[in-house]
Amino acid sequence: KFPLRDSSGRIYALGAICTDFTQRKQTEAALRASENQLRLITDALPSLITCVDAGRRYRVTNRAYEVWFGLSRGDIYGK
């Protein structure tokens with residue numbers, strides 16, 4: 001909330017700005033669901049799967065990769 005003032009500086013009303021985050025929340029939920037589905041699929045594969053970014057940091061590994069090297073996701077991500 002913020003005051004609205006007349007030309008003499010007196011407050012004559014209060015203003016407010018509202019933002020509807022519904023679409024953003026729905027999009028974020030859909031993205032999380034998609035990521036979870038991809039995780040389930042890659043974890044079910046017996047192949048070693050990993051993805052590193054341009055800085056050579058781990059961004060994705062599957063369960064087989066973690067078991068093979070004896071590392072957890074927390075040990076790998078970002079390194």
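This passage goes through the overall build of the chain and then a handful of its residues.

The model is a predicted one. Its secondary structure adds up to three helices and four strands, and these run along the sequence in the order β-β-α-β-β-α-α. The chain is more spread out than a compact globule, since its radius of gyration is 24 Å, well over the 12 Å that the globule rule gives for 79 residues. Taken along the principal axes, the box filled by the C-alpha atoms is roughly 75 × 25 × 20 Å.

The chain-wide totals can be set beside that outline. Buried residues account for 10% of the 79 residues. Of the contacts between residues at least 6 apart in sequence, 4% link residues at least 24 apart. About 6,600 Å² of surface is accessible, and carbon and sulfur atoms supply 59% of that. As for charge, the chain has 13 positive and 8 negative charges, and the mean positions of the two sets sit 5 Å from each other.

Asparagine 62 is a good place to start at the residue level. It occupies the loop that links strand 4 (58-61) to helix 2 (63-69). With a relative accessibility of 0%, asparagine 62 falls under the 20% cut-off and therefore counts as buried. Its side chain reaches two backbone atoms: the oxygen of threonine 42, at 3.1 Å, and the nitrogen of isoleucine 49, at 2.9 Å. Both of those residues turn up again in the contact list of asparagine 62, which, with neighbours within four places in sequence set aside, runs to Arg39, Thr42, Asp43, Leu45, Ser47, Leu48, Ile49 and Arg73.

Next along is threonine 61, a residue of strand 4. Threonine 61 has a relative accessibility of 1%, so it too is buried by the under-20% criterion. Here the polar partner is a side chain: that of threonine 61 makes a polar contact with that of glutamate 66, at 2.7 Å. Beyond four places in sequence, threonine 61 is in contact with Arg39, Ile49, Thr50, Glu66, Arg73, Ile76 and Tyr77. Arg39, Ile49 and Arg73 are on this list and are also among the contacts of asparagine 62.

Serine 47, one of the residues that asparagine 62 touches, belongs to the loop between helix 1 (22-44) and strand 3. Its relative accessible area of 43% lies between the 20% and 50% cut-offs, so serine 47 is classed as partly exposed. Residues up to four places away aside, serine 47 touches Asn62 and Ala64. A look back along the chain gives another kind of separation: serine 47 and threonine 19 are 28 residues apart in sequence, and their C-alpha atoms are 45 Å apart in space.

Leucine 71 sits in the loop that joins helix 2 and helix 3. This residue is also partly exposed, at 37% relative accessibility. With residues up to four places away left out, leucine 71 touches Glu66 and Ile76. Those two also figure among the contacts of threonine 61.

That leaves the C-terminal part of the chain and lysine 79, in the segment after helix 3 (73-76). Lysine 79 has a relative accessible area of 56%, over the 50% limit, and is therefore exposed. Even so, the side chain of lysine 79 gets to the backbone oxygen of aspartate 75, at 3.4 Å. Leaving out neighbours within four places in sequence, lysine 79 is in contact with Arg56, Arg57, Tyr58 and Gly74.

One of those partners, arginine 56, is worth a look of its own. Its C-alpha atom is 7.8 Å from that of lysine 79, across 23 residues of chain. Arginine 56 is placed in the loop between strand 3 (50-52) and strand 4. Like lysine 79, arginine 56 is exposed, here at 71% relative accessibility. The backbone of arginine 56 has a phi near 65°, a positive value in a residue other than glycine.

Conventions
Residues are numbered from 1 along each chain as its sequence is written. This is a predicted model: local features need pLDDT of at least 70, side-chain atom pairs count only at pLDDT 80 or more; totals for chains, interfaces and linings use all residues. Side-chain values use heavy atoms; hydrogens and water are left out. Helices (H or I, at least four residues) and strands (E, at least two) are DSSP runs, numbered from the N terminus. Buried means under 20% relative accessible area, exposed over 50%, partly exposed in between (1.4 Å probe, protein chains only). Contact means heavy atoms within 4.5 Å. A polar contact is a pair of N or O atoms within 3.5 Å; within protein, one must be able to donate a hydrogen and the other to accept it, and residues adjacent in sequence count only if both atoms are side-chain atoms. The radius of gyration is taken over C-alpha atoms; the globule rule is 2.2 Å times the number of residues to the power 0.38. Accessible areas come from the Shrake-Rupley method with a 1.4 Å probe; for residues, only the protein chains shown count as cover. Lys and Arg count as positive and Asp and Glu as negative; His and the chain ends are not counted. The place of a charge is taken as NZ of Lys, CZ of Arg, CG of Asp or CD of Glu.
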